[in-house]
Amino acid sequence: ARAREALEKAEELGHAYSKAYAIFHVAYIKLITGDVPSVAGHASELLALANQHDYQIWRALAMVLQGLVEALTSDPVNGQTLIDEGIELYQQLPTPPVFWTALLQLRAPVAAMTGDMERAFALIEEAVAVERTRSSGLLTEMLVTWGDLLAMTQNLEKATSVYTEGLEIATSVGAHFSELRILTRLSHIDGDEWRDRLASVYDGLAKGTEMPDMVAARMALGR
């Protein structure tokens, strides 16, 4: 909600750089919440804005977003190529690498989709290690991605440990949708232990929404 508000404010002020910043963050949130198809429009809008104002950093990030959408919806190999091109441009820029851990996180599932699990784990573990040294709000979502990769490889004990760490952080800061995402995953691993808590969090949120997280939670709850 805050990212959308920032985008609306930037549009109201006509501040192109702030608008680019907000577009990227809206796209990031949609990616981590599973709303991948809608990211394509944000990526195109960001690239157009970057080209119009010659914003190299936003051009690089738009390329990464476009690659992510293609990889996750149609062609992982070609998507990976687009992502790598965006990353190469990003690494050539003199600006501080403030988005680096987010890029590591977003690239990890794509590496897994192309069959390179070793690279996938290397990417997300680097992202988690860096975020653990910061006090940002990204660590929870990095842990979700790490847990997803562990669950994908049937390392359910480690996945549960990683998800639980993320859940503790989300609960401590009142990040209810992050709680919902993690509890949905934990319920798939051990429904008897986690389903009641998932139901409690779900019932505290707005009903009827078709947000991917809410749909996934309803399915886990059998509703």
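**Exercises on helix packing and a pocket**

**Exercise 1.** Determine the handedness with which helix 2 passes helix 3, and describe their packing.

*Solution.* In this predicted model, helix 2 passes helix 3 in a left-handed crossing. The axes of helix 2 and helix 3 (residues 39–53) lie 9 Å apart, at an angle of about 155°. Angles over 145 degrees count as roughly antiparallel, and helix 2 is therefore roughly antiparallel to helix 3. Helix 2 contributes A16, K19, A20, I23, F24, V26, A27, K30 and L31 to the contact, while helix 3 contributes V39, H42, E45, L46, L49 and H53. By class, this contact of helix 2 with helix 3 holds 10 nonpolar, 2 polar and 3 charged residues.

**Exercise 2.** Establish the relative direction of helix 4 and helix 5 from the angle at which their axes cross.

*Solution.* The axes of helix 4 (residues 56–73) and helix 5 (residues 76–92) cross at roughly 165° and come within 7 Å. Helix 4 is therefore roughly antiparallel to helix 5. Their crossing is left-handed. Among the contact residues are I57, L61, V64 and L68 of helix 4, and L82, I83, I87 and L89 of helix 5. The contact of helix 4 with helix 5 comprises 13 nonpolar, 7 polar and 3 charged residues.

**Exercise 3.** Characterise the second largest pocket by its volume and lining.

*Solution.* The volume of the second largest pocket is about 540 Å³. Its lining has 24 residues, of which L31, I32, P109, D148 and R185 are the closest to the centre. Helices 2, 4, 6, 8, 10 and 12 each supply at least two residues of this lining. By class, the lining of the second largest pocket has 14 nonpolar, 5 polar and 5 charged residues.

Key
Residues are numbered from 1 along each chain as its sequence is written. This is a predicted model: local features need pLDDT of at least 70, side-chain atom pairs count only at pLDDT 80 or more; totals for chains, interfaces and linings use all residues. Side-chain values use heavy atoms; hydrogens and water are left out. Axes are lines fitted to C-alpha atoms, for helices over the stretch in contact, and angles run from 0 to 180 degrees between N-to-C directions. Helices (H or I, at least four residues) and strands (E, at least two) are DSSP runs, numbered from the N terminus. Angles under 35 degrees count as roughly parallel, over 145 as roughly antiparallel, 65 to 115 as roughly perpendicular and the rest as oblique. A crossing is left-handed if the near helix is turned anticlockwise from the far one by less than a right angle, and right-handed if clockwise. Contact means heavy atoms within 4.5 Å. Ala, Val, Leu, Ile, Met, Phe, Trp, Tyr, Cys and Pro count as nonpolar, Asp, Glu, Lys and Arg as charged, and the others, Gly among them, as polar. On a 1 Å grid over the protein atoms alone, a cavity is a set of points where a 1.4 Å probe fits but cannot get out, and a pocket is an open set with protein on both sides within 12 Å along at least five of seven lines; lining residues have an atom within 4 Å of a point. Grid points are joined across faces, edges and corners, and a volume is the space filled by probe spheres set on the points.
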